[in-house]
Amino acid sequence: MSGVRGEETVTVVVTLPTLADTHAFGRRLAGLLRAGDLVLLTGPLGAGKTALTQGIGAGLGVLGDITSPTFVIARAHRPDPARGGTIGLVHADAYRLGDATDPRAEIDDLDLDASLDDSVTVVEWGEGLAEHLTESHLHIRLDRHDDDTRTAELIAVGGTWPDRLTRLRL
């Protein structure tokens, strides 16, 4: 464990051999998530950010198909009680916000903090833009390798994240 800006952090690295494994890992990760959580996803195009979010959505039992929100910026998915869902998922994509004069202000304009308390919020391309929404968060850096395997580096920052991440069964 190391400190970042005075906060406790824990880092775990997971190898994901296939895109299906990335999806399955998202389902497992959903078991750690609760309303009010912020998850930031970073990585190059094709690294598996949306696939991981699809797995999270399946694990949370939310309504609707999880697709990349690149052009709509954010999508809200309500919980589906028939699938065991009890909390919603807000899936945002900050990719197109990076060229703005003040991309953090654009994140603020999305009012993600309005749904933060009652949903899990996942922000693709959110590093450097969305951390200010909560006091703690889970940052996941995804990388896709030449053999099509993926690596997920999970960085738990503050709050109860370090403890929760150590309980993740890999």
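A nonpolar core, as the term is used here, is a set of buried Ala, Val, Leu, Ile, Met, Phe, Trp, Tyr and Cys residues joined through side-chain atoms within 4.5 Å. Keep that in mind as we walk through this structure, which is a predicted model. In soluble globular proteins, nonpolar side chains tend to be buried together. Here the largest such core has 30 residues, and the ones with the most contacts inside it are Ile56, Leu60, Leu89, Leu138, Ile140, Leu154 and Leu165. Two or more residues each come from β2 (7-16), α1, β3 (38-42), α2 (49-60), β6 (119-124), β7, β8 and α5 (161-166). Of these, β2 gives the largest share, with four residues.

Leu154 is a good place to stand inside that core, being one of the residues with the most contacts there. Skip anything up to four places away in sequence, and Leu154 still touches Val10, Thr11, Val12, Val14, Phe25, Leu29, Leu138, His139, Ile140, Leu165 and Leu168.

Before going further, how much confidence does the predictor put in all this? The mean pLDDT is 79, and 71% of the residues reach 70 or more. Residues 1-6 are a weak spot, with pLDDT below 50; that stretch has eight contacts in the model beyond near neighbours in sequence. Residues 103-114 also stay under 50, and for them the model has 26 contacts beyond four places in sequence.

Now follow the chain to helix α1, residues 19-30. Its 12 residues reach 17 Å from the first C-alpha to the last, close to the 16 Å expected at 1.5 Å a residue. Right at the start of α1, a side-chain oxygen of Thr18 comes within 3.3 Å of the backbone nitrogen of Ala20. Which residues of α1 are buried? They are Thr22, Phe25, Gly26, Leu29 and Ala30. These residues sit on the same side of α1, because they cover an arc of only 145° around the axis. The spacing fits a general rule: an α-helix has 3.6 residues a turn, so residues three or four places apart point the same way. Two of the buried residues, Phe25 and Leu29, are also among those touched by Leu154.

Past the helix, Asp37 lies in the loop between α1 and β3. Is Asp37 buried or exposed? Asp37 counts as buried because its relative accessibility is 6%, under the 20% cut-off. Its side chain reaches the backbone nitrogen of Arg34 at 2.8 Å.

Further along, Pro79 sits in the loop between β4 (74-77) and β5 (88-93). At 27% relative accessibility, Pro79 is partly exposed. Leaving out neighbours within four places, Pro79 is in contact with Gly61, Val62, Leu63, Gly85, Thr86, Ile87 and Gly88. The C-alpha atoms of Pro79 and Leu89 are 7.6 Å apart, with their positions 10 residues apart along the chain.

Strand β7 holds Arg141, which is partly exposed with a relative accessible area of 34%. Between the C-alpha atoms of Arg141 and Ala47 the separation is 9.1 Å, although the two are 94 residues apart along the chain.

Last stop: the loop between β7 (137-144) and β8 (150-157), where you'll find Asp148. Asp148 isn't a glycine, yet its phi is positive, at about 75°. Its relative accessible area is 35%, so Asp148 is partly exposed.

How values were computed:
Residues numbered from 1 in each chain as written. Predicted model: local features only at pLDDT ≥ 70, side-chain atom pairs only at ≥ 80, totals over all residues. Heavy atoms only, no water. Buried < 20%, exposed > 50% of the residue type's maximum accessible area, 1.4 Å probe, protein only. Contact = heavy atoms within 4.5 Å. pLDDT = per-residue confidence, 0-100. Expected span 1.5 Å × (residues − 1). Arc of directions from axis to C-beta. Polar contact = N/O pair within 3.5 Å; in protein donor to acceptor, adjacent residues only side chain to side chain.
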